[in-house]
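Hello,

Here is the structure I promised to pass on. Have a look at it first, and then read on for what turned up in the strands.

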Amino acid sequence: FGEQSASGQRGKKNVGANVLYGAGPLNLTAFYERVQIAGAQGLTVQDTKSDWMVGGSYNFNVVKLYGTYGQAKVKAQTLPVDIKNTTYSLGLDVPVTGTAGTFKAAAAHTKSEAGLDERKRTTYTLGYDHFLSKRTDVYGAVMYDRVKWTDSKSGTSVAVGIRHRF
């Protein structure tokens, strides 16, 4: 709506929307975003970036399943080629009987295309989340990340933490 960016350029043709639906065990969401990315060093030429994603979850009480699917595109004016990323993910949460904890597992896959160049990335995650109270939990997760490209690498990450909701 004509707001000024940090570089002083007026934002143009920028739009975003998010829709949420929740009823009982079913939750659905979708979003769309389209923005013009300011050119480097005050250039007036702008790339256009658009993103959309749909997702949902269903809680069967013994397991909660969830998934997402979406795309991100950059229509290049300042880059040599357009870029397109497609991502989908699947996951589940399993409550641990007799505790305030949840076992979590998820997998996500992204295919990135830039001209003739194509890259693929797959991430697998296993985790555990334990609530100490209604607003505080501790968590741990292990992620394995694999990238398929020319000099592809893979790696493992570990995350632990405590989270408090205000």
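Val-15 has Arg-34 in E2 as its bridge partner. That contact belongs to the pairing of E1 with strand E2 (residues 26-37), which is antiparallel and runs over nine bridges. Please bear in mind throughout that this is a predicted model.

How many residues lie between E1 and E2 in their hairpin? There are two, and Gly-24 in the turn has a positive phi of about 60°.

On to the next pair. E2 also pairs with strand E3 (residues 47-59), again in the antiparallel sense, this time over 12 bridges. If you want a residue pair to click on here, try Tyr-32, whose bridge partner in E3 is Trp-52.

Further along the chain, strand E6 (residues 101-114) and strand E7 (residues 117-131) are joined by 14 bridges in the antiparallel sense. Within this pairing, Thr-110 has Arg-121 in E7 as its bridge partner.

Now for the whole picture. Nine strands make up an open sheet with antiparallel pairing, and their order is E1-E2-E3-E4-E5-E6-E7-E8-E9. Which strands sit at the edges? They are strand E1 (15-23) and strand E9 (154-164), each of which pairs on one side only. On average, neighbouring strands of this sheet are turned by 10° against each other, with direction ignored. As a general reminder, strands of a sheet pair through backbone hydrogen bonds, in either a parallel or an antiparallel way.

Happy browsing, and best wishes!

How values were computed: Residues numbered from 1 in each chain as written. Predicted model: local features only at pLDDT ≥ 70, side-chain atom pairs only at ≥ 80, totals over all residues. Heavy atoms only, no water. Pairing = 2+ DSSP bridges. Helix = DSSP H or I, 4+ residues; strand = E, 2+ residues; numbered from the N terminus. Axes fitted to C-alpha atoms, helices over the stretch in contact; angles between N-to-C directions.
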